[in-house]
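Grab your viewer and work through these exercises one at a time. Each task comes with a step-by-step solution, so try it yourself before reading on.

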2 protein chains.
Amino acid sequence: MTTADSSLEPGLPPIGQPLPSPQVGAMLEGLTRLKVPKSSDVLADRLRREILSDAYPPGASLPTERELVSATGLSRGSVREALRMLEAQGLVSTRAGRYGGTTVSQPTDDHLANHISHYAKGRSVPLQSLVDVRLALEPMVAFLAAERRTEADLISLRAISARLDKSADSDPAVFLEENANWHDALAAASHNPLLGTLATSVGVLMFEASQLANFATAEVRQRVCRAHHRILEAIELGDAELARRRVERDVQAYALALEAAVTASNWARQAD
Amino acid sequence: MTTADSSLEPGLPPIGQPLPSPQVGAMLEGLTRLKVPKSSDVLADRLRREILSDAYPPGASLPTERELVSATGLSRGSVREALRMLEAQGLVSTRAGRYGGTTVSQPTDDHLANHISHYAKGRSVPLQSLVDVRLALEPMVAFLAAERRTEADLISLRAISARLDKSADSDPAVFLEENANWHDALAAASHNPLLGTLATSVGVLMFEASQLANFATAEVRQRVCRAHHRILEAIELGDAELARRRVERDVQAYALALEAAVTASNWARQAD
DNA sequence: GACAGGTCAATTGTTGGACCATAGAAAAAG
DNA sequence: CTTTTTCTATGGTCCAACAATTGACCTGTC
């Protein structure tokens with residue numbers, strides 16, 4: 001593509017002479033690290049392209065492993081490795097037994113949440129970055145929930161809110177769990193699975209961080225409950241802008257308390 | 001292994017009698033569909049837990065495939081399938097040759113972007129949902145960029161902005177490409193890779209949708225350039241709130257124009 | 001000493017074959 | 001018609017061997 005030696009172009013000179021030409025230096029120009037892809041990667045890429053090209057509707061069957069073997073000339077091991085990569089990405093699922101096989105599947109919310117979790121944990125994303133993202137997503141979730149919530153959403157939210165109130169006086173771990181459920185219900189009410197899954201994932205990551213730092217004091221729990229009541233009220237009213245503002249304040253307060261608890265926990269750890 | 005004939009066991013208690021015991025009904029209570037996980041999945045889960053537990057710093061070497069074989073009792077094929085799953089998730093990388101092997105690696109931004117793309121395409125996420133998410137993320141990106149941008153960020157943004165202006169009068173495809181670059185630079189200036197990657201991914205998905213519907217008319221291109229100038233001005237000033245509001249308006253206008261073009265394109269397709 | 005080239009060995013990459021486990025259909029039995 | 005059994009295509013697993021890769025090491029040459 002970026003070959004500097006123009007004599008290789010259309011003039012049909014003797015290509016590939018064994019003797020090094022005097023322009024060998026020029027030939028080295030633009031030569032990058034030669035990557036030799038693995039056969040399983042090549043097959044996985046091809047299959048992935050086909051699957052994502054909408055030619056394969058969800059539920060459609062891919063060829064059997066042995067058919068792929070004869071079609072590609074690869075060994076069954078390589079074919080299986082390719083299928084496993086696609087399976088790890090949630091693009092296919094396999095069933096054993098007769099009339100089983102590999103079928104196209106839609107990535108679930110869990111797949112996306114897991115991948116985000118792997119990214120955040122693998123990169124050790126700092127808490128502040130998670131706060132930034134949550135501060136962007138969660139108010140929008142509330143905004144859309146206020147606009148789009150159904151009666152069923154409201155019933156679910158009220159039930160979870162009641163459970164959250166009860167758990168405010170008990171075990172902090174239970175409270176944090178119910179708190180996560182509350183945010184899940186809110187995400188569902190937004191009727192945007194992508195947005196909801198992103199917000200939930202980031203929320204869970206912060207939730208895990210808050211389990212390490214035991215910051216859910218009784219006072220914090222009471223304040224969270226009051227804030228959630230105000231948010232639910234705005235959603236019941238259908239006032240999207242009000243819901244957005246109230247969630248924004250809630251998340252900011254939550255982040256502030258969490259950060260304080262983390263730094264305090266770090267002090268305590270230094271004291272060891 | 002699953003021989004029904006208990007006489008093969010050494011203890012000689014007649015377990016598994018062919019005759020159903022009178023309490024078989026009680027024994028069946030609480031028995032759900034028995035799932036038999038694949039050996040490669042089990043190994044992948046174990047390795048993933050270890051990797052994400054921060055016990056393995058990035059760059060650390062995992063045992064060799066043959067060591068894993070002797071340690072787990074599995075076959076090499078199963079071990080390799082497990083490693084391929086982790087590789088597809090960006091948690092490990094593998095090099096052939098002596099002193100090669102499998103090492104822990106941090107998932108890249110591309111990994112996360114690909115997974116989001118797979119989710120959105122695999123689920124056929126509607127354009128409106130993408131717009132919702134972008135409307136949540138991009139204003140926050142601008143907000144943080146205005147607060148945290150370095151001199152290098154500003155230089156990069158100014159250069160790309162100039163290129164974008166030039167391309168406004170030329171090929172719409174080139175313009176859309178430069179537009180994507182502009183948003184990439186903005187994401188980089190926010191100094192939050194997670195937020196930036198999420199925003200960029202959703203932006204690319206909308207970008208792909210806009211290539212199908214050719215909506216980038218000359219008028220739209222001019223308006224985008226003016227909007228970007230105003231946004232860059234706010235970021236240069238360091239006025240985060242102003243940058244946030246201006247991006248919010250820009251994204252809303254962009255989404256509106258895109259949606260109009262898509263519906264028009266659908267009309268044209270129906271006319272076929 | 002520096003450099004070019006060759007040798008070596010450990011590791012992943014790939015293949016082929018074999019057998020087991022699974023599960024749904026289809027046939028047989030009641 | 002219902003239940004049971006049989007059948008069989010499919011994925012799941014294992015083993016053994018060889019090829020390809022690649023960095024360290026050695027060796028000769030200048």
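## Exercise 1: DNA strand D

A polar side-chain atom of Arg80(A) sits 3.1 Å from a phosphate oxygen of DNA strand D. That's a polar contact, meaning a pair of N or O atoms within 3.5 Å; within protein, one must be able to donate a hydrogen and the other to accept it, and residues adjacent in sequence count only if both atoms are side-chain atoms.

Before you start, some ground rules: this is a predicted model, where local features need pLDDT of at least 70, side-chain atom pairs count only at pLDDT 80 or more, and totals for chains, interfaces and linings use all residues. Residues are numbered from 1 along each chain as its sequence is written, chains are lettered from A and ligands numbered from 1 in the order in which they are written, and side-chain values use heavy atoms, with hydrogens and water left out.

**Task.** Find what else touches DNA strand D, and which element gives the most to the surface near it.

**Solution.**
- Step 1: look at Arg84(A), where a side-chain N or O atom is 3.4 Å from a phosphate oxygen of DNA strand D.
- Step 2: switch to chain B, where a backbone N or O atom of Arg98(B) lies 3.2 Å from a base oxygen of DNA strand D.
- Step 3: pull in the elements. H3, H4, E1 and E2 of chain A and H4 of chain B each give two or more residues to the surface near DNA strand D. Helices (H or I, at least four residues) and strands (E, at least two) are DSSP runs, numbered from the N terminus.
- Step 4: pick the top contributor, which is H4(A) with three residues.
- Step 5: check the neighbours. There are 25 residues around DNA strand D, with Arg66(A), Arg76(A), Arg98(A), Ser39(B) and Gly97(B) coming nearest; a residue is near a strand if one of its heavy atoms lies within 4 Å of it.
- Step 6: split the strand's atoms within 4 Å of the protein, and 64% belong to sugar or phosphate, the rest to bases.
- Step 7: sort the residues by class, giving four nonpolar, ten polar and eleven charged. Here Ala, Val, Leu, Ile, Met, Phe, Trp, Tyr, Cys and Pro are nonpolar, Asp, Glu, Lys and Arg are charged, and the others, Gly among them, are polar.

## Exercise 2: DNA strand C

**Task.** Work out which residues come nearest to DNA strand C.

**Solution.**
- Step 1: from the 25 residues around DNA strand C, pick out Ser39(A), Gly97(A), Arg66(B), Arg76(B) and Arg98(B) as the nearest.
- Step 2: sugar and phosphate make up 63% of the atoms of DNA strand C that come within 4 Å of the protein.
- Step 3: for a phosphate contact, take Lys38(A), with a polar side-chain atom 3.1 Å from a phosphate oxygen of DNA strand C.
- Step 4: for base contacts, a backbone N or O atom of Gly97(A) is 3.2 Å from a base oxygen of DNA strand C, and a side-chain N or O atom of Arg76(B) is 2.9 Å from a base nitrogen of that strand.
- Step 5: the largest share of this surface, three residues, comes from H4(B).

## Exercise 3: The two copies

**Task.** How is chain B laid on chain A?

**Solution.**
- Step 1: superpose by least squares on the C-alpha atoms of residues with pLDDT of at least 70 in both copies.
- Step 2: read off a turn of 180 degrees and a shift of 0.0 Å along the axis, with an RMSD of 0.1 Å.
- Step 3: the two copies are thus related as by a two-fold rotation axis.
- Step 4: 100% of the interface residues of chain B are also interface residues in chain A, so the copies meet through the same surface (contact means heavy atoms within 4.5 Å).

## Exercise 4: The largest pocket

**Task.** What volume does the largest pocket have, and how many residues line it?

**Solution.**
- Step 1: set up a 1 Å grid over the protein atoms alone; a pocket is an open set of points where a 1.4 Å probe fits, with protein on both sides within 12 Å along at least five of seven lines, and lining residues have an atom within 4 Å of a point.
- Step 2: the volume comes to about 1200 Å³.
- Step 3: count 40 lining residues, with Leu52(A), Ser117(B), Lys121(B), Leu205(B) and Glu208(B) nearest the centre.
- Step 4: H5(B) supplies the largest share, seven residues.
- Step 5: by class, the lining has 16 nonpolar, 15 polar and nine charged residues.

Notes. Points joined across faces, edges and corners; volume = space filled by probe spheres on them.
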